[in-house]
Amino acid sequence: MTAWKDVEDAVPDLAARVRSIFDGHKHKTIATLRADGGPRISGIEAEFAGGELTFGSMQGARKGADLHRDPRFALHSPSVDPPEDDPAGWAGDAKIAGRAVPAGPVGGNTDGELFRADIAEVVVTGLNAEATMLVIESWTPGRGLRRVERA
C-alpha cells in the first residue's frame, strides 16, 4: 500500500506541487470503471490529511459501487487554462491513479463511504519556464520520478 505520505517522502517537491494544484479548487474529477468495463467520470471532493489521500462516495452512488467492484481509479485536479499574459506561470494539471481501499463511513452528517487511496502513479503536466514545451513529471513507487519534455 502506497499512502500519500510515501509520495511526500519519496518526491517532496512533486508532492507539494500536486497537493497545491489539487487544493486550489474544491471539486475534482474521478474516473472509475462501470460493470461493463466502460469508463465513468464523476465529480468528487478529495482530502489530503494525516499522510493519506481520501475521498468519499454518497450512499447508493454509482462511483462507490464501481470502486467496490473494481477499485482502480484516476483522480484529476481541477483544470484551469494557462494565464494568457504569463503561460509559464501556469501551475499545471495533476493526476493521481491507484486503487481505492474502503476506509469506513464518511462521518459527520453525510451518509456515505470513505475510501483511502493506494497510490500507483502521480503526474503533473505543465509548461517549461519559457512556455515553449509541455513538461510531464510522473512518479510511481517502482520506477521513481521521470520527466519528459515535448515540443
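In this predicted model, 14 residues line the largest pocket, and those nearest its centre are E45, F55, G56, S57 and V106. The space in this pocket comes to about 330 Å³. Turning to secondary structure, four strands each supply at least two residues of the lining of the largest pocket: β2 (39–44), β3 (46–49), β4 (52–58) and β7 (110–127). Of the elements involved, β4 gives the largest share, with 5 residues. In chemical terms, the lining of the largest pocket divides into 6 nonpolar, 5 polar and 3 charged residues.

What, then, of the second largest pocket, and how much space lies in it? The volume here is about 170 Å³. The lining of the second largest pocket is made up of 14 residues, and R17, A91, V124, G126 and L127 are the ones that lie nearest its centre. Two or more lining residues come from each of α2 (12–23), β7 and β8 (134–140). Strand β7 provides the largest share of this lining, 4 residues. By residue class, the second largest pocket is lined by 7 nonpolar, 4 polar and 3 charged residues.

Set side by side, the two pockets have a strand in common: β7 supplies at least two residues to the lining of the largest pocket and also gives two or more to that of the second largest. A helix, α2, is among the elements that contribute two or more residues to the lining of the second largest pocket, while the largest share in the largest pocket belongs to β4.

How values were computed. Residues numbered from 1 in each chain as written. Predicted model: local features only at pLDDT ≥ 70, side-chain atom pairs only at ≥ 80, totals over all residues. Heavy atoms only, no water. 1 Å grid on protein atoms, 1.4 Å probe; cavity = no way out; pocket = protein on both sides within 12 Å on 5 of 7 lines; lining within 4 Å. Points joined across faces, edges and corners; volume = space filled by probe spheres on them. Nonpolar A, V, L, I, M, F, W, Y, C, P; charged D, E, K, R; others polar.
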